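Colleague: Could you take a close look at the cysteines here and the nonpolar packing around them? I'd like the reasoning spelled out.

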Amino acid sequence: LEIWSTYVPNSGWTTHSHSRRETWDKRVLEALKTRTATGMESISSRNSSSSSSTHPPLVWAGDLNVCREDRDASHIRFFRETIYSIQRHHQKPATYRNTGQPGVIPHEQERFREMLRVGNLLDAYRVLHPKVDRFKDFTWRGSPPAIGSLKRALYYDKGMRIDYTLVSSAMKEMILRAETCGRGKDREGFLGSDHCPII
């Protein structure tokens, strides 16, 4: 079994930070291409050792800082459009593909889906939970306010699913459980962080 544990750089709000994230994504994509170019994946270590054309399946987990699809964000219009009228120090990009809060920028989402395709990877959580559940899907819900009611927080009742466990498709039947530990708009299980643990 090959395991990747990553904290992917946030795309940020500037041309420079977008470029930095794009460079990261390109390097990861090349690594995935290299894996697939070496042959087929084999669950059996016996088979893997007997042929140079096989390699172990991949488990890639961590804060990947992107929603795979728009449905993985609670309020897509807020994150992609409204946020610019609230945080006015961020300038809206000229091109739609680079528009939005990090996590829902269309171009970063496209690159992520390409990684999944090239790497032949499955989103373990969505394999077991294909329908959207606003109560438990979102692994990021913003930071609570330092002072005052949680309901005053910018991201109250909003969230994104940007933390993942991705697995090689050869392991699909081995996915027995995939859960988020955070629950609801009041951030139960977030343990003081803007992200919640995933299992």
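Modeller: Sure, and keep in mind this is a predicted model. Let's start with Cys67: this residue is buried, at a relative accessible area of just 1%. Its sulfur doesn't pair up, because the closest cysteine sulfur, in Cys196, is 13 Å away, too far for a bond. Cys181 also has Cys196 as the closest cysteine by sulfur, at 6.2 Å, and that is still too far for a bond, given that a disulfide needs the two sulfurs within 2.5 Å. Cys181 is partly exposed, with a relative accessible area of 32%. So the disulfide count for the structure comes out at zero.

On to the packing. In soluble globular proteins, nonpolar side chains tend to be buried together. The largest nonpolar core in this model has 16 residues, and the ones with the most contacts inside it are Leu32, Trp60, Leu64, Phe112, Met115, Leu121 and Leu166. Two or more residues each come from α1 (15-37), β4 (58-63), α4 (106-119) and β6 (163-168), with α4 giving the largest share, four residues. If you want one residue to click on, try Trp60: leaving aside residues up to four places away in sequence, Trp60 touches Trp4, Thr6, Val28, Leu32, Met115, Leu121, Tyr164, Thr165 and Leu166.

And where does Cys67 fit in? Apart from that largest core lies another one, of eleven residues, and Cys67 belongs there, along with others including Ala73, Tyr84 and Tyr155.

Note on methods: Residues numbered from 1 in each chain as written. Predicted model: local features only at pLDDT ≥ 70, side-chain atom pairs only at ≥ 80, totals over all residues. Heavy atoms only, no water. Buried < 20%, exposed > 50% of the residue type's maximum accessible area, 1.4 Å probe, protein only. Core = buried A, V, L, I, M, F, W, Y, C linked by side-chain atoms within 4.5 Å. Contact = heavy atoms within 4.5 Å.
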